[in-house]
Amino acid sequence: MCRWAAYIGAPSFLSDLVTAPEHSLIVQSRQAEECKTTLNADGFGLAWYDQRPEPGLYRDTGPAWSDPNLRSLAEQLRAKIFLAHVRAATGSATSRNNCHPFTSGAWSFMHNGQVGGFDRLRKRADMLIPDALYGDRRGATDSEALFLIALGAGLRDAPALGLARAAALLEAEAQRIGARPALRMTAALSDGRSLYAVRYASDNRAPSLYYRRTKGGAGWQVTSEPLEASGHWTEVPPSTFCTFTANDVALQPFQLPKSTQAQVFEP
């Protein structure tokens, strides 16, 4: 499993997520508290939005805690939206292309969880990615496949629906081969205007997800685990999709469409 943190609001320094808090993302990379593994040392990555529509992207394969460049960037990089991720690999290799976040055009995406039995489903999952998007398939993870399938399923116009359609396809295929759990995910994604987050699992063990308003009300922090013991953190209920703007948050049920499941991998 992995840990991640995201932000949307008035321009803020990356250090407010990654290095400064008492339970920052760097601390979570070594001492995660709400995760199956305490270590998340198989790479890290950042995506951010400021003056241009496409996100900036920085990823590397080493542990986040040992990269001096990351600490330097965190102290200097300031933007209105951040996605930051530390990885614990669940089957695919430790490589830069397998590090989150993943990007396509203006969109960025990061994920904590797994598609059950993905090592047996990878070819079939790749066949669901539209040809126009397959050039963005750089790595071999289930997370990147989920993202690109969702883009092809309407994510740009309806983020919750596009992601639900993609999740339904992969969950149904995992269930077909008897994989347990079929799907677990908390994910964050952005188009540079809004920040979206989802918490879902096909069983009753959805990965953790929290959010809070920042001090002074300048924005929102959305995280796998609270960054500090102080402050009011709201736990996102399972099967929930969240939409954050600089000033507001809206929660809605996240349900997988049964009609999509019936069409899995039709020729």
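## Working through a predicted chain

Take the contacts between residues at least 6 apart in sequence (contact means heavy atoms within 4.5 Å): 66% of them join residues at least 24 apart. A word on the ground rules: this is a predicted model, where local features need pLDDT of at least 70 and side-chain atom pairs count only at pLDDT 80 or more, while totals for chains, interfaces and linings use all residues. Residues are numbered from 1 along each chain as its sequence is written, and side-chain values use heavy atoms, with hydrogens and water left out.

**Exercise 1. Work out whether the chain's radius of gyration agrees with that of a compact globule.**

Step 1: get the expected value. The rule is 2.2 Å times the number of residues to the power 0.38, with the radius taken over C-alpha atoms. For 267 residues that puts a compact globule near 18 Å, and the chain has 17 Å, so the two agree.

Step 2: check the outline. Along the principal axes, the C-alpha atoms fill a box of roughly 50 × 35 × 35 Å.

Step 3: look at burial. Of the 267 residues, 58% are buried (under 20% relative accessible area with a 1.4 Å probe, protein chains only; exposed is over 50% and partly exposed is in between).

**Exercise 2. Lay out the open sheet strand by strand.**

Step 1: list the elements. The chain has eight helices and 13 strands (DSSP runs numbered from the N terminus: helices are H or I with at least four residues, strands are E with at least two).

Step 2: put the sheet in order. Seven strands run S3-S2-S4-S1-S10-S9-S11, with antiparallel pairing (two strands pair if DSSP finds at least two bridges between them). The edges are S3 (56-60) and S11 (234-235), each pairing on one side only.

Step 3: zoom in on one pair. S9 (residues 210-213) and S10 (residues 219-223) are joined antiparallel by four bridges, and arginine 213 sits opposite tryptophan 220 in S10.

**Exercise 3. Place histidine 232 and say whether it is buried or exposed.**

Step 1: find it. Histidine 232 belongs to the loop between S10 and S11.

Step 2: read its accessibility. At 65% relative accessibility, histidine 232 counts as exposed.

Step 3: find its partners. Setting aside neighbours within four places in sequence, histidine 232 touches Tyr211 and Arg212.

**Exercise 4. Explain why S12 counts as largely enclosed, then trace its pairing.**

Step 1: count buried residues. Four of the five residues of S12 (residues 240-244) are buried, so the rest of the structure largely encloses this strand.

Step 2: take the S8 pairing. S8 (residues 195-201) pairs antiparallel with S12 over five bridges, and arginine 199 has threonine 240 of S12 as its bridge partner.

Step 3: take the S13 pairing. S12 also pairs antiparallel with S13 (residues 249-253) over five bridges; here threonine 243 is matched with alanine 250. S12 and S13 make a hairpin with four residues between them.

**Exercise 5. Describe the lining of the largest cavity.**

Step 1: search. The whole structure yields one cavity of 30 Å³ or more (a set of points on a 1 Å grid over the protein atoms alone where a 1.4 Å probe fits but cannot get out; lining residues have an atom within 4 Å of a point). The largest cavity's volume is about 30 Å³, meaning the space filled by probe spheres set on the points, which are joined across faces, edges and corners.

Step 2: see who contributes. Helix H2 (25-31), strand S2 (44-49) and strand S4 (78-86) each supply at least two lining residues; the lining includes Leu25, Phe44 and His85.

Step 3: sort by class. The lining has nine nonpolar, two polar and no charged residues (Ala, Val, Leu, Ile, Met, Phe, Trp, Tyr, Cys and Pro count as nonpolar, Asp, Glu, Lys and Arg as charged, and the others, Gly among them, as polar).

Definitions and conventions:
1 Å grid on protein atoms, 1.4 Å probe; cavity = no way out; pocket = protein on both sides within 12 Å on 5 of 7 lines; lining within 4 Å.
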